[in-house]
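Subject: Handing over the structure

Hi,

Here is the structure I promised to pass on to you. Have a look at it first, and then read on for my notes on what turned up.

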Amino acid sequence: MSIFKEFTKGFWKENPVLVLVLGMCPTLATSSDAVKGLAMGLATTFVLMGSNLVISVIRKLVPGKIRIPCYIVVIATFVTVVKLLMQAFAPEAYQTLGIFLPLIVVNCIVLGRAEAFASKNGLLASAADGLGMGLGFTFVLVCLGCIREFLAAGTLFGISMQCWDNGFAIMGQAPGGFILLGLILAGMNLLNMRKAKKAGVKYEPPAEFDCRHCSICKLSTEEPVKTK
Amino acid sequence: MKDMTKASNPFYLAFFLLVVCGVSTLVMAVTAVKTDAPIKAAQAKETADSLKMILPPFDNDPAAEAIDITSPDGEPVKLYTAKNGGLVVGYAAEAAASGFGGKVAGIVSFKPDGTIDTVIVKSGHAETPGIGTKVTDRSVKRTISDVVKGVKPDASKLPPNDALDSYKGKKPGDEKWTKNDVHFVSGATYSSNGVRDLVWYAATAVRAHLAAAEKKEAK
């Protein structure tokens, strides 16, 4: 796959939030307004790209048995560096993100890309993957943030759109985020299904993106428990 | 130790992890040292800017002369004293209380007699946008038509906030203020309580500090 394709896949085809459904905690928590979403997205993009780069470089040196702890240490280092830099040079963004900034360490998008991509691919491809995935994450956070902020407070990036001051308060909180994200995921499935129908095929999400490759489900489907 | 290089040797694995942690510690330590001064400068700037906004003109450095006091409820409060020509022109007290999304920290300025002048809530709180922020934020209200017309906000004035401005001129009594005394925003009771509590802690701490200072002077 070309470097360009690795970069662009994060925006739609393998979008970390809309397709891989990863990193739900920061997605719902920091998409309550557009500025917060943008700050979180950019911080995560930096960590994703940096950790992907380093992990790609050390992938052949790291023994398989301790790869996960090594990756976590690399990711935690990047997060700490981002945290210190933001605290020093962007204190407002640092305070806006609060606890969610150090929690990038446990964002499953970052570890997921390290394990699924950077540990198996070269430097350039890993950097392109990290940047693309990070920007895809940022794109979704900003879109969600814009919609939620507009519905909750009638503003976009803090600027009043002069339509309402008291909007749908629930959209500013986590339940509103869940509802909106659910609607967007449903809309995305609908689009993909229509596309497949036009092409004359049955829509099947790629196997590696859902739980079909997970053996836990098979425990119940292959040998169903017989009840009298 | 002949299998030292094998990836399954626990000693090698431990050694490798130690090296990774060592390198990571070094990177973090260098960043921490390099960013230490800018972080302190940024924190000092935020406090200094806030104090300049809410206190009358002063010629001393209130942030450098700040003292830690405790409110009668046992909450820690930082007290800043603004002086001009050696005379006290006002006080500012920094306190924090629980809101809806965690701690809400703020600075309250007082006239020399302990009357509340201005209340500001520090950025970094996690109150709900659009609801809780109505109680906490003095955000400049820019509308889309201002942006189109190119109207710039007046940076010299503190933007109004009905809830925060309702404390102006008040002095703490025997009981905490309720929604009948100050402006509570409906739907944002927790945020309103948080701001009320932080102002209460600051005001009662300043009252106790002034009373103690008066007693000392009388002696």
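The contact between chains A and B takes 35 residues from chain A and 31 residues from chain B. Please keep in mind that this is a predicted model. On the side of chain A that touches chain B, the elements giving two or more residues are α4 (67-89), α5 (91-97), α7 (123-153) and β2 (159-160). The biggest share comes from α4(A), which gives twelve residues. Sorted by class, this side of chain A has 17 nonpolar residues, 14 polar ones and four charged ones.

The two chains also share a sheet, and you may enjoy tracing it on screen. Three strands make up an open sheet with mixed pairing, in the order β1(A)-β2(A)-β6(B). Its edge strands are β1 (155-156) of chain A and β6 of chain B, each of which pairs on one side only. Within chain A, β1(A) and β2(A) run antiparallel and are joined by two bridges. Across the chains, β2(A) pairs with β6 (residues 142-143) of chain B in the parallel sense, again over two bridges. A good residue to click on is S160(A): T155(A) stands opposite S160(A) on one strand pairing, and T143(B) is the bridge partner of S160(A) in β6(B).

Now for chain A as a whole. How many helices and strands are there in chain A? The count is nine helices and two strands. Read from the N terminus, the order is α-α-α-α-α-α-α-β-β-α-α. Of the 228 residues in chain A, 41% count as buried. Among the contacts in chain A with a separation of 6 or more, 73% are between residues 24 or more positions apart.

One residue I looked at more closely is A118(A), which lies in helix α6 (residues 108-118) of chain A. Is A118(A) buried or exposed? A118(A) counts as buried because 28 C-beta neighbours fall inside 10 Å, and the cut-off for buried is 20 or more. Leaving aside residues up to four places away in sequence, A118(A) touches N52(A), I55(A), S56(A), R59(A), R113(A) and S126(A). As for M171(A), 53 residues separate it from A118(A) in sequence, and the C-alpha to C-alpha distance between the two is 36 Å.

On to chain B, which is divided into domain 1 (1-54) and domain 2 (58-218). The centres of these two domains of chain B, taken over C-alpha atoms, are 36 Å apart. Their contact takes seven residues from domain 1 of chain B and ten residues from domain 2 of chain B. On the side of domain 1 of chain B that touches domain 2 of chain B, five residues are nonpolar, two are polar and none is charged.

Finally, a word on confidence before you set anything up. Chain A has a mean pLDDT of 85, with 89% of its residues at 70 or more. Over residues 214-228 of chain A, however, the pLDDT is below 50, and this stretch has one contact in the model beyond near neighbours in sequence. Where pLDDT is low, the predicted coordinates should not be read in detail.

Happy to talk any of this through.

Best wishes

Technical notes. Residues numbered from 1 in each chain as written. Chains lettered and ligands numbered in written order. Predicted model: local features only at pLDDT ≥ 70, side-chain atom pairs only at ≥ 80, totals over all residues. pLDDT = per-residue confidence, 0-100. Contact = placed C-beta atoms within 7 Å. Helix = DSSP H or I, 4+ residues; strand = E, 2+ residues; numbered from the N terminus. Nonpolar A, V, L, I, M, F, W, Y, C, P; charged D, E, K, R; others polar. Pairing = 2+ DSSP bridges. Buried ≥ 20, exposed ≤ 12 C-beta atoms within 10 Å, placed from the backbone. Domains from an automatic or database assignment.
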